[in-house]
Amino acid sequence: MEYSILTPDERTIRGAARRLAKSEIAPRSAAYDETGAFPRENLKLLAEQGYFGLTVPPEYGGAGASSLAQALVVEALAEVCPATAVIYEVHNTLHVEGIWRYGTEWQRRTWLPALIRGEWIGAFALTEPGVGSNAAEVRTVGRRVPGGYRISGHKAFITSAGEAERYLVVGRLEGTSGRDGMTIWVVDKSNPGVTFGRAERKLGLHASRTSEIHLDDVFVPETHRLGAEGEGYRIALDLLDGGRIGIAAQACGMLAAALARSARYARVRRQFGQPLERFEAIRFKLADMVRDLHAARLLTYEAARRRDEGGSVRPLAAAAKLFASEAAVRHALQAVQIHGGYGYLREAGVERLLRDAKATEIYEGTSEIMRLILAGEVVRAEAEGQLEG
Ligand SMILES: Cc1cc2nc3c(=O)[nH]c(=O)nc-3n(C[C@H](O)[C@H](O)[C@H](O)COP(=O)(O)OP(=O)(O)OC[C@H]3O[C@@H](n4cnc5c(N)ncnc54)[C@H](O)[C@@H]3O)c2cc1C
């Protein structure tokens with residue numbers, strides 16, 4: 001299906017990413033899910049073929065493509081390997097974009113090339129054991145010392161922790177509370193005092209490592225602070241706007257996979273002397289899937305386009321993530337149902353869609369938090385007389 005919102009360049013990138021995903025990444029996807037091994041091979045391939053740093057201008061080693069092009073790559077990857085898609089998404093949309101949007105000229109020139117060539121995988125560390133939905137409560141603390149900071153804290157649920165070479169650590173200056181003192185530091189895996197927890201055992205996304213990070217009096221030079229002191233909350237939330245569009249795209253990919261597999265199975269599986277696709281109960285499930293796939297894509301693509309145009313994209317990104325993630329979970333469940341008993345077996349691969357899709361309703365802001373953002377926007381717009389209708 002072609003969408004008129006896509007430019008010719010975006011169509012080309014989408015086509016190339018889908019071909020790469022189908023030919024190179026799909027064949028080893030089930031094995032990665034089974035073993036939980038980190039998909040280095042996939043990431044190396046994506047970097048070699050120019051998919052890292054897509055939105056970064058060419059003078060810093062990127063491709064100068066749009067946020068929508070990046071979302072299309074996430075979607076293509078998620079259709080065949082949602083774990084690779086989320087590692088790619090965090091690396092590019094949160095970490096690389098963070099350095100590109102908020103880094104100093106020295107940070108951009110020094111760090112982006114290695115991140116774009118895939119020599120470093122980047123992570124984004126906001127969540128802590130006691131701090132999730134309310135980012136302003138982070139307790140990781142940076143103490144000013146000559147030449148930089150000493151960081152201490154405990155991060156939890158961090159995608160690629162232990163595998164990634166570089167971490168955007170969201171913490172706060174010593175003695176501050178709330179949003180005001182929040183600051184982001186760039187921490188190396190090899191910094192003395194940085195240690196990682198075990199790989200968490202998860203419902204899905206097995207090949208995407210999720211671990212805790214312990215920071216014990218880690219020295220970070222002044223040059224490794226991203227943005228100004230006290231700007232961490234604003235930067236983290238801005239990056240999450242882009243990240244949520246990425247997660248919406250990941251959900252679209254899984255939704256597309258649920259639809260394609262369900263339609264294929266409904267054609268080949270026969271019961272009562274006819275293919276399943278002749279039964280209205282099955283046809284209506286397929287109809288709802290394709291309706292929601294179009295709606296999820298259009299919301300996601302529009303949000304991605306608006307992000308490049310500047311201005312606040314927060315409510316639209318929240319709407320895209322909320323709609324696409326809930327649709328992905330709902331229809332992955334229906335895909336299992338359409339496959340009957342076989343859907344419950346690993347071999348069919350649709351139970352994996354259900355396990356993997358559930359995470360999209362949780363990370364980078366839960367569905368409840370997306371609803372709070374949207375409701376807040378409606379209430380504000382109404383009070384200001386700006387609500388259309
Ligand atoms: C696989 C995976 C990968 C992740 N990767 C990363 C990563 O790379 N970096 C990172 O920083 N974090 C990461 N996370 C963490 C993720 O972003 C958090 O789990 C998420 O933001 C929710 O925080 P929490 O788990 O502490 O839940 P809580 O905030 O404790 O929420 C628990 C429940 O209460 C609800 N709730 C909370 N507050 C409200 C409210 N005000 N109103 C209504 N309901 C509310 C939530 O929606 C949720 O249903 C990852 C999580 C997972 C599962």
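**Ligand shell chat**

Visitor: What classes of residue make up the shell around the ligand?
Guide: Eight nonpolar, five polar and three charged residues. Gly counts as polar here.

Visitor: What kind of model is it?
Guide: A predicted model, where local features need pLDDT of at least 70, side-chain atom pairs need 80 or more, and totals for chains, interfaces and linings use all residues. Numbering runs from 1 along each chain as its sequence is written, and side-chain values use heavy atoms, without hydrogens and water.

Visitor: Which residues come nearest?
Guide: Thr127, Ser133, Phe157, Thr366 and Glu368, of the 16 around the ligand. Being near takes a heavy atom within 4 Å.

Visitor: Which polar side-chain atom pairs with a ligand nitrogen?
Guide: One of Thr127, at 2.6 Å. A polar contact is a pair of N or O atoms within 3.5 Å.

Visitor: And the backbone?
Guide: A backbone N or O atom of Leu126 lies 2.8 Å from a ligand oxygen. For Glu364, a backbone N or O atom is 3.5 Å from an oxygen of the ligand.

Visitor: How much of the ligand gets buried?
Guide: The protein buries 65% of the 980 Å² that the ligand exposes alone. Areas are Shrake-Rupley, with a 1.4 Å probe.

Visitor: Which element gives the largest share of the shell?
Guide: β3, with three residues. β1 (122–125), β3 (148–159) and α11 (367–383) each supply at least two. Helices are DSSP runs of H or I, at least four residues; strands are E, at least two.

Methods
Polar contact = N/O pair within 3.5 Å; in protein donor to acceptor, adjacent residues only side chain to side chain.
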